[in-house]
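This note goes through the model point by point for a reader who is new to protein structure. Please keep the sequence and the 3D view open while reading.

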Amino acid sequence: MTLVEAFERFSLMPGRKILIVEDEPDIRKLVHYNLTQERFKVLEAEDGEKALKIVRQEKPDLVILDLMLPSLSGLEVCRILRERPETARLPVLMLTAKAGEADRVVGLEMGADDYLTKPFSPRELTARVKAILRRSELPSPTEGIELYEKGPLKINFSTYETFVSGKAVRLTLKEFELLRFLVQNPNRVLSRDQLLDRVWGSEVFVDPRTVDVHIRRLRKAIEKNDRKPEWVLTVRGVGYKFDDRALDK
Ligand code: CA
């Protein structure tokens, strides 16, 4: 991609469709107003079932999903989105009324890309939305590598597909980015901070434990036995290491 193309893609962002799923009309209105100011197209759903319907029909570029919804919870909606191949990588920003860590971790485990605790400032929300869209729309530089293939692991960086022994593996965008960074830095000990810095970048509110959650999910997706990982190794007290020699075993 040239710089001009990158700029064009970036400047197209304001036309992107954002779906806000929230049963409280005041919050829906607030989000709607603020994102419209930024020239986003905003769709609204007051419950999970309606949200799934709108996602199917309107194909939004990002979903802002409240955790506490009547009938189908935000977590359920997130899980369903992740299960369907056509929405497996649809960016999800989770809203949570509780600042409890358990909720955040559960949200991330379910495949949310980020979360925001209520009450939030509209400016913070807009910044998060833009950051998530930027990550999902601008492929980060892969140093020219399009395809990685070693042992049973095959990754296509341009189509965001991952295969283990020929079988397609479903990863969220974050898990994919994490795998990409690990693969590009084989056999090097990478600290949580390094991983946060390279994979999460300028998101200042990310807890280092987020890395552990994503590593766990990545292992579940690609390792033969995620309890005895052979590729993505823990380096006690420091961080993680991708052992690419184990791929040839
Ligand atoms: Ca709610």
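1. A definition comes first: two strands are said to pair if DSSP finds at least two bridges between them. The model discussed here is a predicted one. With that term in hand, one open sheet can be described as 5 strands in the order S2-S1-S3-S4-S5, with parallel pairing. Strand S2 (41-45) and strand S5 (114-117) stand at its edges; each has a single partner strand, so one side of each is left without a neighbour in the sheet. From one strand to the next, the twist averages 20 degrees.

2. One pairing in this sheet may be followed in detail. Strand S4 (residues 92-96) pairs with S5 in the parallel sense over 4 bridges. Leu93 has Asp114 in S5 as its bridge partner. As background, strands of a sheet pair through backbone hydrogen bonds, either parallel or antiparallel.

3. Helices lie against these strands. Helix H4 (residues 74-83) lies across S3 and S4 and runs at about 170 degrees to S4. Which strands does helix H3 touch? Helix H3 (residues 48-58) packs on the sheet by touching strand S1 (17-21), S2 and strand S3 (62-66), and its direction makes about 145 degrees with that of S2.

4. The protein as a whole has a secondary structure of 9 helices and 12 strands. Of its 249 residues, 47% are buried. Among contacts with a separation of 6 or more, 58% are between residues 24 or more positions apart.

5. The hairpin of S6 and S7 deserves a separate look. Strand S6 (residues 147-150) and strand S7 (residues 153-156) pair in the antiparallel sense over 4 bridges. Tyr148 stands opposite Ile155 in S7. The hairpin has 2 residues between the strands, and Gly151 takes a positive phi near 55 degrees.

6. The next point concerns a loop residue and the helix that follows the loop. Thr172 lies in the loop between strand S9 (167-169) and helix H7 (173-184). Is Thr172 buried or exposed? The relative accessible area of Thr172 is 8%, and the cut-off for a buried residue is under 20%, so Thr172 counts as buried. Leaving aside residues up to four places away in sequence, Thr172 touches Arg82, Arg89, Gly111 and Arg217.

7. Helix H7 itself can be checked for length and burial. At 1.5 Å a residue, its 12 residues should span 16 Å, and the end C-alpha atoms of H7 are 16 Å apart, which agrees. Of these 12 residues, 11 are buried, so H7 is largely enclosed by the rest of the structure. The buried residues include Leu173, Phe176, Leu179 and Val183, together with charged ones such as Lys174 and Glu175.

8. The same check applies to helix H9 (residues 209-222). At 1.5 Å a residue, the 14 residues of H9 should span 20 Å; the end C-alpha atoms are 20 Å apart, in agreement. Because 10 of the 14 residues are buried, H9 is largely enclosed by the rest of the structure. Among the buried residues of H9 are Val211, Val213, Ile215, Arg217 and Leu218. Arg217 is also one of the residues that Thr172 touches.

9. How do H8 and H9 meet, and at what angle do their axes cross? The axes come within 9 Å and cross at roughly 80 degrees. That makes H8 roughly perpendicular to H9. In the contact, Arg192, Leu195, Leu196 and Trp200 of H8 meet Thr210, Val211, Asp212 and His214 of H9. By class, this contact has 4 nonpolar, 2 polar and 2 charged residues.

10. The final point is an open sheet of 3 strands in the order S10-S12-S11, with antiparallel pairing. Strand S10 (189-191) and strand S11 (232-235) stand at the edges with a single partner strand each, so one side of each is left without a neighbour in the sheet. The twist averages 35 degrees from one strand to the next. S10 and strand S12 (residues 239-242) run antiparallel and are joined by 3 bridges; Val189 has Lys241 in S12 as its bridge partner. Helix H8 (residues 192-200) packs on this sheet, touching S10 and S12, and its direction makes about 75 degrees with that of S10.

How values were computed:
Residues are numbered from 1 along each chain as its sequence is written. This is a predicted model: local features need pLDDT of at least 70, side-chain atom pairs count only at pLDDT 80 or more; totals for chains, interfaces and linings use all residues. Side-chain values use heavy atoms; hydrogens and water are left out. The expected span of a helix is 1.5 Å times one less than its number of residues. Buried means under 20% relative accessible area, exposed over 50%, partly exposed in between (1.4 Å probe, protein chains only). Axes are lines fitted to C-alpha atoms, for helices over the stretch in contact, and angles run from 0 to 180 degrees between N-to-C directions. Contact means heavy atoms within 4.5 Å. Angles under 35 degrees count as roughly parallel, over 145 as roughly antiparallel, 65 to 115 as roughly perpendicular and the rest as oblique.
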